[in-house]
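This report describes how strands and helices are arranged in one protein chain. The sequence and the structure come first, and the description follows.

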Amino acid sequence: MKRREFIKNSALAGAAIGFPTIVPASVFGKNAPSNKINIGQIGCGRIARDHDLPGVMQHDIARIIAVSDLDSNRMADGKKLVEDYYTKKMGKAYLDVKQYADYKEMLQNKDIDAIVISTPDHWHSQPAMEATLAGKHVYLQKPTSLTIREGRQLVDAVKKSGMVLQLGTQQRSSEQFRIAAELVRNGRIGKLHTVKVGLPGDPAGPEADPMPVPANLNYDMWLGSTPEVPYTEIGVHPETGYGRPGWLRREQFGAGMITGWGQHHYDSAAWGMDTELTGPRYVQAVAEFPQSGLWDVHGDFYAKAEYDNGIIMYTGGGYPNGIRYEGTDGWIWVSRGSYVASSSDPVAQGNSAKALDASDPKILQSVIGPDEIQLIRSDEHHGNWLGAIQGNNELLSPVEIGHRSCSVCLVTHISMKLGRKLEWDAKAEKFINDPEANSMLERPQRAPYGTNYVKV
């Protein structure tokens, strides 16, 4: 074979498996392809485009080589976004990103080391389980699961696989949340007794008539383990653009803001409360639910959780969006400040503009000593995950901790639905003497989809 033909055929072969079609000099040495973590992206919607893809691609040790989505238009957009990013970064064409209409085919690609999952909530646990069991590391958007049972199944699968799974509770990688938790854990506000968490609700929506399923959407698979219902655009995601999708406001696919923002804040609160591997003893919640319309997740709500260590946590829309720790010697307030994960985050900026505050400025000026509790530091959440895969740092949001923070959301939601106080056994992951509440710890799954159908 002539030299020119050999080079041409080698380039074509590289493109077929997702490797660079043109390899700039900058990829050699420490940035050689063999030293990079090859990543497949499952879900190319709003959170992927605004948060997860940029979060991963900024790190030179990672390379997105494949995308998958049940909406072919979104998948093509995802491919273009990734290729355009790398072309701009490298100064010339760099990757031919492979597309998979079915993520299970992606998992069979041995060139892929890790998977990022940015799908609707009802499609979190199953692909995460399957990816880890296929030998892939996983970055999973929150919430961890749709139900308590799904979450436990995921934890067990990850432990069996030995893979690195990071939950997308990225507030842990925001300095102010770590500082607040460290100060509380080290007694800077005395004995912690109360935590107040501000969370918004979702508004009710209009009625929606059934519509023809778009040719670009595999709607049956998109429904996944949930029941068959007619398609309507405001119940799935926008056909044009990447605004906040309607599925977020339907209980069929999630629980609303109690899991949407709740896992972020409950995870951060548990960091400061030192309850990351347990849960509340008692939960009591009341909530408003829409009486009509397609969107049926909770609106305004108020919840109280009591922990065995004596801490009481209150949650509701009446508090500013963030977390307030109250102790015998003062208080600390922490929020995201002006940060948003996506452009359509429902954040009232005026209510949460201050990222860190305290009853006394001296509390925030306090230095944590070398012999005190020092929590894991991370500059960026995806980077922490990639570093943990390479063995360079400790993982910040492992699956067990993610499952526990999600469980607080889910047991609170069950209390909302039942409208009464519940006693929760966090070790057994069951309610005490309440068969009705326990029946809500899992949902029926529509075959062949769902965690019950994953071979572990």
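Two strands count as paired if DSSP finds at least two bridges between them. Strand E9 (residues 301-306) and strand E10 (residues 312-316) are joined by five bridges and run antiparallel. Within this pair, Tyr302 stands opposite Gly316 in E10. The model is a predicted one.

**The nine-strand sheet**

E9 and E10 belong to an open sheet of nine strands, in the order E13-E12-E11-E7-E10-E9-E8-E14-E15. The pairing in this sheet is mixed. Strand E13 (356-358) and strand E15 (430-431) each have a single partner strand, so each has one side without a neighbour in the sheet and stands at an edge. Helix H7 (residues 175-185) packs on the sheet, where it touches strand E7 (192-198), strand E11 (322-327), strand E12 (330-334) and the edge strand E13.

**The six-strand sheet**

Another open sheet is formed by six strands in the order E3-E2-E1-E4-E5-E6, and here the pairing is parallel. Which strands stand at its edges? They are strand E3 (98-100) and strand E6 (165-167); each has a single partner strand, so one side of each lacks a neighbour in the sheet. On average, neighbouring strands of this six-strand sheet are turned by 25° against each other, direction ignored.

Inside the sheet, strand E4 (residues 114-117) pairs with strand E5 (residues 137-140) over four bridges, in the parallel sense. Val116 stands opposite Tyr139 in E5. Helix H3 (residues 72-90) packs on this sheet and touches strand E2 (62-68) and E3. Helix H5 (residues 125-133) lies across E4, E5 and E6.

The table gives the direction of each packed helix against one strand.

| Helix | Strand | Angle between directions |
|---|---|---|
| H3 (residues 72-90) | E2 (62-68) | about 160° |
| H5 (residues 125-133) | E5 | about 160° |
| H7 (residues 175-185) | E12 (330-334) | about 160° |

**Ser161 and its surroundings**

Where does Ser161 lie? Ser161 is part of helix H6 (residues 148-161). A polar atom of the Ser161 side chain is 2.9 Å from the backbone oxygen of Val158. Leaving aside residues up to four places away in sequence, Ser161 touches Thr132 and Leu133. Ala131 is 30 residues from Ser161 in sequence, and the C-alpha atoms of the two are 9.4 Å apart in space.

Conventions: Residues are numbered from 1 along each chain as its sequence is written. This is a predicted model: local features need pLDDT of at least 70, side-chain atom pairs count only at pLDDT 80 or more; totals for chains, interfaces and linings use all residues. Side-chain values use heavy atoms; hydrogens and water are left out. Helices (H or I, at least four residues) and strands (E, at least two) are DSSP runs, numbered from the N terminus. Axes are lines fitted to C-alpha atoms, for helices over the stretch in contact, and angles run from 0 to 180 degrees between N-to-C directions. Contact means heavy atoms within 4.5 Å. A polar contact is a pair of N or O atoms within 3.5 Å; within protein, one must be able to donate a hydrogen and the other to accept it, and residues adjacent in sequence count only if both atoms are side-chain atoms.
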